[in-house]
Amino acid sequence: MSMCHTKVYTTRNYRDRFTASGKAKIDAEQIAECCGYNLIGTGRSHYHNGVIAYLRRLWSVVKASMRMPRGGMVFLQYPSPIDSFMKIARQRGNRIILLIHDINGLRTSAHGGRELTLLKSADVLIVHTERMREKLQSIGINKPTVVLRIFDYLDNTLINSKFNRGGTACLCR
């Protein structure tokens with residue numbers, strides 16, 4: 001893997017693949033792959049056993065840390081346990097793109113310091129709504145931000161049969 005202008009992402013264990021908590025993140029990873037991002041760490045998993053999921057996640061963190069490029073771009077999703085990835089990515093001179101699905105701290109009056117520090121350390125934010133962008137700016141997070149406006153789910157069955165005749169369609173080509 002070339003380390004110059006490398007684009008990478010990490011994944012995790014998704015217990016709920018067919019609910020909003022898992023499906024949106026899985027779809028975002030699929031779109032990232034289509035846009036040239038490569039997986040570092042272990043592949044996506046769906047273990048319901050907490051011990052197995054934890055051990056696999058631990059191995060993924062170790063593997064991803066060893067494969068983290070220098071001077072590339074790292075795509076991460078929040079909320080997710082990404083603190084260590086962001087720290088390593090930053091130490092290696094990478095730019096961080098952070099897709100924010102939800103921010104628990106915005107629901108409380110006391111915005112979490114750790115959460116805000118994490119969001120501020122990204123280079124580019126991707127948010128779902130203009131209101132989320134405005135809220136982040138109002139609490140001092142003034143990063144370049146892309147607003148998705150609508151976040152629909154990918155439906156590979158429809159894409160494959162109608163547009164690609166059996167292959168995997170890619171939205172970035």
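**Strands, helices and a pocket**

Colleague: Which helix sits in the β-α-β unit with β5 and β6?
Modeller: This is a predicted model, and the unit in question is right-handed. Strand β5 covers residues 124-127, while β6 covers residues 145-147. The helix that makes up the unit together with β5 and β6 spans residues 130-138, and its name is α5.

Colleague: Okay, zooming out: what pattern does the protein chain follow along the sequence?
Modeller: Start with the tally, which comes to six helices and six strands. Reading along the sequence, you get the pattern β-α-β-α-β-α-β-α-β-α-β-α.

Colleague: In what order do the six strands stand in the open sheet?
Modeller: The pairing in this open sheet is parallel. β2 (38-39) and β6 each have a single partner strand, so they stand at the edges, and one side of each is left without a neighbour in the sheet. From one edge to the other, the order is β2-β1-β3-β4-β5-β6.

Colleague: How many bridges join β4 to β5?
Modeller: These two run parallel. One pairing to look for is Leu98, whose bridge partner in β5 is Leu125. The number of bridges joining β4 to β5 is three.

Colleague: On the β6 side, which residue is the bridge partner of Ile126?
Modeller: β5 and β6 run parallel too, and three bridges join them. Leu125 stands opposite Thr145 in β6. For Ile126, the partner in β6 is Val146.

Colleague: Are the residues on both faces of β5 buried or exposed?
Modeller: Take one side, and you have Val124 and Ile126; on the other are Leu125 and Val127. Both faces of β5 are covered, and these four residues are all buried.

Colleague: And α4, which of its residues are exposed?
Modeller: First the other side: Glu115, Leu116, Leu118 and Leu119 are buried in α4, which runs over residues 113-120. Seen down the helix axis, those buried residues fall within an arc of 160°, so they line one face of α4. Across from them, the exposed ones are Arg114 and Thr117.

Colleague: What is the volume of the largest pocket?
Modeller: A probe the size of a water molecule, rolled over the atoms, shows where empty space is left. For the largest pocket, the volume comes to about 220 Å³.

Colleague: Which element supplies the largest share of the lining of that pocket?
Modeller: The lining includes Ala28, Ile31, Ala32, Phe75, Ile97 and Leu99, and it divides into eleven nonpolar residues, no polar and no charged. At least two lining residues come from each of α1 (20-34) and β4 (95-100). The largest share is three residues, and it comes from α1.

Colleague: Why does Leu99 count as buried?
Modeller: Leu99 lies in β4 and is one of the residues lining the largest pocket. The cut-off for buried is under 20% relative accessible area. Leu99 counts as buried because its relative accessibility is 3%.

Colleague: How far apart in space are Leu99 and Leu76, C-alpha to C-alpha?
Modeller: Along the sequence, Leu99 and Leu76 are 23 residues apart. In space, C-alpha to C-alpha, the distance between them is 6.3 Å.

Colleague: Last one: which peptide bond is cis, with omega near 5°?
Modeller: Look at the loop between β3 (73-78) and α3 (83-91), where Pro79 lies. The cis bond is the one from Tyr78 to Pro79.

Note on methods
Residues are numbered from 1 along each chain as its sequence is written. This is a predicted model: local features need pLDDT of at least 70, side-chain atom pairs count only at pLDDT 80 or more; totals for chains, interfaces and linings use all residues. Side-chain values use heavy atoms; hydrogens and water are left out. On a 1 Å grid over the protein atoms alone, a cavity is a set of points where a 1.4 Å probe fits but cannot get out, and a pocket is an open set with protein on both sides within 12 Å along at least five of seven lines; lining residues have an atom within 4 Å of a point. Grid points are joined across faces, edges and corners, and a volume is the space filled by probe spheres set on the points. Ala, Val, Leu, Ile, Met, Phe, Trp, Tyr, Cys and Pro count as nonpolar, Asp, Glu, Lys and Arg as charged, and the others, Gly among them, as polar. Buried means under 20% relative accessible area, exposed over 50%, partly exposed in between (1.4 Å probe, protein chains only). Two strands pair if DSSP finds at least two bridges between them. A crossover is right-handed if, with the strands pointing away from the viewer, the path from the first strand over the helix to the second runs clockwise. The arc is that of the directions from the helix axis to the C-beta atoms.
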